[in-house]
Amino acid sequence: MILKSILILGLLISITFGYSCKEVKQKLGNLVTSCEDNKYKNASKLYINYQDLTEIPKFVYKITSLTFLNLYDNKLTEIPSDIEKLKNLETLDVSRNMLTKISPEIGNLEHLLTLQLNNNTLTTISSDICQLKNLNFLDLSNNVVTSIPPEIKNLQSLNKLYLFNNKISTIASTIGDLKNLLYLLLYNNEITEIPNSIGNITNLEQLYLQSNVLSTIPSEIANLKNLIFLDFSDNRIKEVPAEIGNLENLIYLGIDKNCIDTLPAEIQKINHSEYNYGNKCEAARRCGGVFGSCPSGKCCSKHGYCGVSDAHCAASNGCQSEFGTCKCGEDYGMCSDGLCCSKKGYCGKTKSYCYSSNGCQSNYGSCKCGENYGLCSDGQCCSKKGYCGRTKAYCASSSGCQSNYGSCKCGESYGTCSDNKCCSNKGYCGTTSAYCSINKCQNKYGFCPDI
């Protein structure tokens with residue numbers, strides 16, 4: 001009883017002898033965007049925004065009466081250990097900064113209810129944040145977080161968890177222990193699987209999973225009887241569990257841009273996003289990076305979608321040849337990444353694409369030439385290494401140009417013709433009279449039979 005009285009007295013003293021907003025403004029000057037006093041005339045809310053701060057001013061840690069601290073839109077790179085001095089903090093907003101580090105001492109803010117860390121460059125949800133057992137709202141959206149750790153289960157008071165626009169690929173099954181969670185926002189990540197334990201968050205009202213790489217939806221979601229909004233559009237879902245149709249409170253279901261052929265009758269009665277019962281998946285299927293390759297015969301566009309239009313397939317439009325078919329030629333442009341343009345106008349690297357003897361189009365990609373590959377077309381040169389081109393590296397006799405398989409240049413800047421060929425007065429190697437006649441042949445750079 002005596003100890004409790006001492007603690008209460010200490011708290012009253014700290015409140016009574018704190019700093020007023022007037023004193024805070026005197027200390028911090030123009031850094032203060034806004035400040036509000038509590039009923040004891042001590043600063044309780046402090047805003048320091050748009051100041052390009054690279055560190056939190058030391059004086060801030062002396063304002064122990066603060067329950068609300070907003071440092072939105074600065075250039076802070078860390079939340080240091082001194083943050084634990086603000087024992088009364090209930091809301092901390094450090095969004096739109098450059099945070100890469102959060103001190104473990106943040107876990108000592110036992111009164112913290114709201115923590116906003118969105119729009120930074122944080123890579124993890126630290127175990128120290130997961131010690132904030134009274135936290136109601138955690139916003140880590142627009143960072144580079146890669147996973148949801150097992151320690152997330154410690155946030156038993158959490159109502160809202162915002163993790164959209166990150167790099168999350170895995171979710172610990174302990175997320176199912178968040179019994180008080182109402183809002184879970186996980187869209188625009190790289191999530192491949194939702195744990196079955198999601199069905200244990202029975203108070204959940206809104207679940208956003210769109211724009212991930214999910215191929216299945218666990219039927220346990222049907223246990224979320226309080227769910228109002230469910231969105232898993234823009235994934236790779238092939239089937240929607242019929243049990244979801246039994247969610248009586250569900251008023252919206254987002255399912256577009258997936259690989260669904262048919263919907264169960266139980267789902268069709270729900271208000272759902274526009275759905276095409278044709279082959280919508282092919283039209284919206286993603287490719288590249290974590291999504292992989294398009295189906296055979298489909299092109300991967302610059303923006304990572306499979307299709308067959310010129311916007312998807314033309315090399316000039318940025319078609320990604322490593323993830324699908326790409327077209328080349330006069331109307332489609334030049335192949336990228338050193339690939340060859342075949343006679344039929346497709347980019348590739350096998351014999352049917354690259355051999356000059358098979359009609360490889362050297363104006364729109366690499367083409368191979370030489371004894372096993374054939375003659376370069378369109379007056380191009382065959383380099384020492386067996387590729388068609390027009391620059392000095394391909395055409396100079398001194399660089400090993402192969403005159404039997406394409407044009408080769410000779411003369412003062414290009415060297416002497418090989419294989420007993422004549423060097424014409426225009427500087428090209430050949431064997432006809434246009435190259436070898438006495439009034440046209442340069443005997444210094446090739447064979448001249450009449451000299």
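**Close-up views of a predicted model**

**View 1. Two annotated spans of the predicted model.** Over residues 366-410, helix accounts for 9% of the chain and strand for another 9%, and the C-alpha atoms at the two ends are 23 Å apart. In residues 411-450, the helix content is 10% and the strand content 10%, with 19 Å between the end C-alpha atoms. Both spans are listed by UniProt, in an unreviewed entry, under "domain: Chitin-binding type-1", as are residues 284-328.

**View 2. Surroundings of Ser103 in a loop.** The loop that holds Ser103 runs between strand E6 (101-102) and strand E7 (114-116). Ser103 has a relative accessibility of 6% and therefore counts as buried, the cut-off being under 20%. Leaving aside residues up to four places away in sequence, Ser103 touches Ile79, Pro80 and Ser81.

**View 3. The aromatic pair of Tyr47 and Phe68.** The structure contains eight aromatic pairs. In one of them, the rings of Tyr47 and Phe68 are tilted, with 5.1 Å from centre to centre and 45 degrees between the planes. Tyr47 belongs to strand E2 (residues 43-47) and Phe68 to strand E3 (residues 68-70), so the pair ties together parts that lie 21 residues apart in sequence. Are the two partners buried or partly exposed? Tyr47 is partly exposed, because its relative accessibility is 21%, whereas Phe68 is buried, with a relative accessible area of 17%.

**View 4. The aromatic pair of Phe137 and Tyr162.** The rings of Phe137 and Tyr162 meet edge-to-face, at 4.9 Å centre to centre and with 75 degrees between their planes. This pair links distant parts of the chain, 25 residues apart: Phe137 is in strand E8 (residues 137-139) and Tyr162 in strand E10 (residues 160-162). Both Phe137 and Tyr162 are buried.

**View 5. A ring cluster and the charged end of Lys160.** Phe137 and Tyr162 are joined with Phe164 and Tyr187 in a cluster linked by ring pairs. Which rings does Lys160 lie over? The charged end of Lys160 is placed over the ring of Phe137, 5.8 Å from its centre. Lys160 also lies over the face of Tyr183, at 5.4 Å from the ring centre. Phe137 thus appears here in two settings: as a member of the ring cluster and as a ring beneath the charged end of Lys160.

Notes: Residues are numbered from 1 along each chain as its sequence is written. This is a predicted model: local features need pLDDT of at least 70, side-chain atom pairs count only at pLDDT 80 or more; totals for chains, interfaces and linings use all residues. Side-chain values use heavy atoms; hydrogens and water are left out. UniProt positions are given in the numbering used here, feature names are shortened, and annotations may be inferred rather than shown by experiment. Helices (H or I, at least four residues) and strands (E, at least two) are DSSP runs, numbered from the N terminus. Buried means under 20% relative accessible area, exposed over 50%, partly exposed in between (1.4 Å probe, protein chains only). Contact means heavy atoms within 4.5 Å. Rings of Phe, Tyr and Trp (its six-membered ring) pair if their centres lie within 6.5 Å; planes under 30 degrees apart count as stacked, over 60 as edge-to-face and the rest as tilted. A charge sits over a ring if NZ of Lys or CZ of Arg is within 6 Å of the ring centre and within 35 degrees of the ring normal.
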